[in-house]
Amino acid sequence: QVQLVESGGGLVQAGGSLRLSCAASGSILSINPMGWYRQAPGKQRELVATITSGGSTNYADSVKGRFTISRDNAKNTVYLQMNSLKPEDTAVYYCNARTIILTGRYLEVWGRGTLVTVSS
């Protein structure tokens, strides 16, 4: 009913930048919020950043000042600009969308994840 397609992961050196994108498609009435989570090897999945349809943002302390989340509501797409990357940012990054679908039902959707590797 709702699909999330992520792109933009890869390998980058410490101090570098990457931009992740996530596009939602399907029977969507609204999405609020959209966001990014990450899971490093051997660790639990954690919040990176979220953004509401109105543009309110929330960031994990570990990424504040380095990462910027943004959103194109018309395209149901969320972006994560990651600057000053550190090796500890290495993880699989997952897109998340909390949606109301056309039937009026609430549906939380996860993307398949995109790997970000930061080398030292």
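Among contacts in the protein between residues at least 6 apart in sequence, what share joins residues at least 24 apart? For this chain it comes out at 55%. Keep in mind that we're looking at a predicted model here, not an experimental one.

Okay, the overall layout. The secondary structure count is 11 strands and 0 helices, so if you walk along from the N terminus, you just hit β after β, right through to the end. The radius of gyration is 14 Å, and the globule rule also gives 14 Å for 120 residues, so the protein is as compact as a globular protein of that length. Along the principal axes, the C-alpha trace spans about 50 × 25 × 20 Å.

Next, inside versus outside. Of the 120 residues, 42% count as buried. The accessible surface comes to about 6,200 Å², and carbon and sulfur atoms hold 48% of that. For the electrostatics people: there are 12 positive and 7 negative charges, and their mean positions sit 3 Å apart.

Now the core. Which residues touch the most other members of the largest nonpolar core? That would be Trp-36, Leu-80, Met-82 and Tyr-93, out of 32 residues in the set. By element, strand S9, residues 91-101, gives this core its largest share, with 5 residues.

Let me move to the backbone, since a few spots are worth checking if you're setting up a simulation from this model. Where's the cis peptide bond? Between Asn-32 and Pro-33, with omega at about -5°. Pro-33 itself lies in strand S4, which covers residues 28-39.

Then there are two positive phi values to look at. Asn-76 isn't a glycine, yet its phi is near 50°. You'll find Asn-76 in the loop that links strand S7, 67-72, to strand S8, 77-82. Is Asn-76 buried, exposed or partly exposed? Partly exposed: the relative accessible area is 23%, and the cut-off for buried is under 20%.

The other one is Ser-84, again not a glycine, with a positive phi of about 50°. Ser-84 sits in the loop between S8 and S9. Its relative accessible area is 40%, so Ser-84 counts as partly exposed too.

To wrap up, then: an all-strand list of elements with 11 entries, a largest nonpolar core of 32 residues, one cis peptide bond to look at, at Asn-32 and Pro-33, and positive phi at Asn-76 and at Ser-84. That's what I've got.

Methods
Residues numbered from 1 in each chain as written. Predicted model: local features only at pLDDT ≥ 70, side-chain atom pairs only at ≥ 80, totals over all residues. Heavy atoms only, no water. Helix = DSSP H or I, 4+ residues; strand = E, 2+ residues; numbered from the N terminus. Rg over C-alpha atoms; globule rule 2.2 N^0.38 Å. Buried < 20%, exposed > 50% of the residue type's maximum accessible area, 1.4 Å probe, protein only. Contact = heavy atoms within 4.5 Å. Areas by Shrake-Rupley, 256 points an atom, 1.4 Å probe, with all protein chains shown as cover. Lys, Arg positive; Asp, Glu negative; His and termini not counted. Charge placed at Lys NZ, Arg CZ, Asp CG, Glu CD. Core = buried A, V, L, I, M, F, W, Y, C linked by side-chain atoms within 4.5 Å.
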